[in-house]
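Please look at the sequence and the structure shown below. The paragraphs that follow lead through the charged pairs, the two domains and some unusual places in the backbone.

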Amino acid sequence: MTRPWHDLHSPDSRTRLYLRALAKRKISGERLPEAGLRCFLRVQPDNLSAYRRLCHYPDHGRLPPTYPHVMAFPLQLQLLTAPDFPFPLLGLVHLYNETQVHRPLGGVDGLRFSVHADNLRPHPKGGTFDLVTEAQDVLGPLWRETSRMLVRGLHLEGHAEEEADLEPGNLPEVTRWYADADIGRRYAKVCGDYNPIHLGAASARLFGFPMAIAHGLWTQAMAMAALQGHLPTSGYVFEVDFRKPVRLPSEVVLSASEAGPAGVLRLDSHGGLLHMLGQWRPLPPL
């Protein structure tokens, strides 16, 4: 399929986008829009510095591998709150994330981003779709992210496949960190993701959570920052499955295999709760 694209000079303001999100509370269809959005977006140095501090990334002259997501987030919001998008943004559950780093993310002043939704299919708890975000520089593809989102209450024809529940065995501990009660608000301030389930207990209870939970992408970013010595500079895929949410506040433990071109990881907390499983591997040739 040749995908139609809408090219934007800039995304709408986040205030306007969140007002759209608040206005839509019901599923309005069962087909994803074919068109995607494209826009050139520049790095904001102050925001980048704040993100490095928030997620414990060192300043080594390259963008953190999760930072292009932050740059593209307003464009993602615009797609997900458009009138032709059938699902309400509030209530979506992030199940899986894949980050591809094609080349080193150094010397980046701005990137041309594209965002589209694809791969709608049944799930035991509703339906899922993939939010695909790509970034290019003058040399071509540089970075790509696939976020799998669950739409609860969606009824689609077809068989919902159960995913294999494979867990890595004993892995050496890499580090542990404490997820403060206010980390959801601090992440939102830097990254613009003001999902109510992350901001506080009162707003989280409105969506069925007994207390606020950490952003999955903050958890992934903390893990990738801690594993910088394990990962290549580029040419790799890093993917994670989000399991039990990290309730705030709590301490979590990151374990992973040894440094190398491929490996596995897991994030647990006390009481035997598994929060995240992941792996990294070489990126297949384009």
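A search of the whole structure finds 15 salt bridges, a salt bridge being a side-chain nitrogen of Lys or Arg within 4 Å of a carboxyl oxygen of Asp or Glu. The model is a predicted one, in which local features need pLDDT of at least 70 and side-chain atom pairs count only at pLDDT 80 or more, while totals for chains, interfaces and linings use all residues. Residues are numbered from 1 along each chain as its sequence is written, and side-chain values use heavy atoms, with hydrogens and water left out.

One of these salt bridges joins the side chains of arginine 103 and aspartate 137, with a distance of 2.7 Å from N to O. Arginine 103 lies in the loop between strand 3 and strand 4, and aspartate 137 lies in strand 5 (residues 126-137), so the pair ties together parts that are 34 residues apart in sequence. Helices (H or I, at least four residues) and strands (E, at least two) are DSSP runs, numbered from the N terminus. Arginine 103 is partly exposed, with a relative accessible area of 23%, and aspartate 137 is also partly exposed, at 27%. In these terms, buried means under 20% relative accessible area, exposed means over 50%, and partly exposed lies in between (1.4 Å probe, protein chains only).

Strand 5 also holds aspartate 130, which forms a salt bridge with arginine 148, the closest N and O atoms being 3.0 Å apart. This pair links distant parts of the chain, since arginine 148 is in strand 6 and the two residues are 18 residues apart. Are the partners buried or exposed? Aspartate 130 counts as buried, at 7% relative accessibility, and arginine 148 is buried too, with a relative accessible area of 16%.

A further salt bridge is formed by the side chains of glutamate 251 and arginine 176, at 3.6 Å from N to O. Here glutamate 251 is in strand 9 and arginine 176 in strand 7 (residues 173-179), 75 residues apart. Glutamate 251 counts as partly exposed at 26% relative accessibility, as does arginine 176 at 38%. In addition, Asp7, Arg38 and Arg112 are linked in a network of salt bridges.

The next topic is the division of the chain. Domain 1 covers residues 1-163 and domain 2 covers residues 167-285; such bounds come from an automatic or database domain assignment. The C-alpha centres of the two domains lie 18 Å apart. In all, 32 residues of domain 1 are in contact with 30 residues of domain 2, where contact means heavy atoms within 4.5 Å. Together the domains bury about 2800 Å² between them, 60% of it on carbon and sulfur atoms. Buried area is the accessible area (1.4 Å probe) that two parts lose on being put together, summed over both. Leu54, Asn97 and Val101 supply 19% of the area that domain 1 buries against domain 2, more than any other three residues.

How many salt bridges are there between domain 1 and domain 2? The count is 0. There are, however, 12 residue pairs in polar contact between the domains, both residues being at pLDDT 80 or more. A polar contact is a pair of N or O atoms within 3.5 Å; within protein, one must be able to donate a hydrogen and the other to accept it, and residues adjacent in sequence count only if both atoms are side-chain atoms. On the side of domain 1 that touches domain 2, strand 3 gives the most, with 8 residues.

Helix 2 (45-55) is one of the elements that supply at least two residues to that side of domain 1. In helix 2, Leu48, Ala50, Tyr51, Arg52, Leu54 and Cys55 are buried. What covers these residues includes helix 3, helix 4 (183-191) and helix 6 (216-226).

The backbone has some unusual places. Most residues other than glycine have a negative phi, and most peptide bonds are trans. Just after helix 2, histidine 56 takes a positive phi of about 65 degrees; histidine 56 is exposed, with a relative accessible area of 55%. Asparagine 119, found in strand 4 (residues 110-123), likewise has a positive phi of about 65 degrees, and counts as partly exposed at 35% relative accessibility. Finally, a cis peptide bond joins leucine 248 and proline 249, with omega about -5 degrees. Proline 249 is found in the loop between strand 8 (236-242) and strand 9 (250-256).
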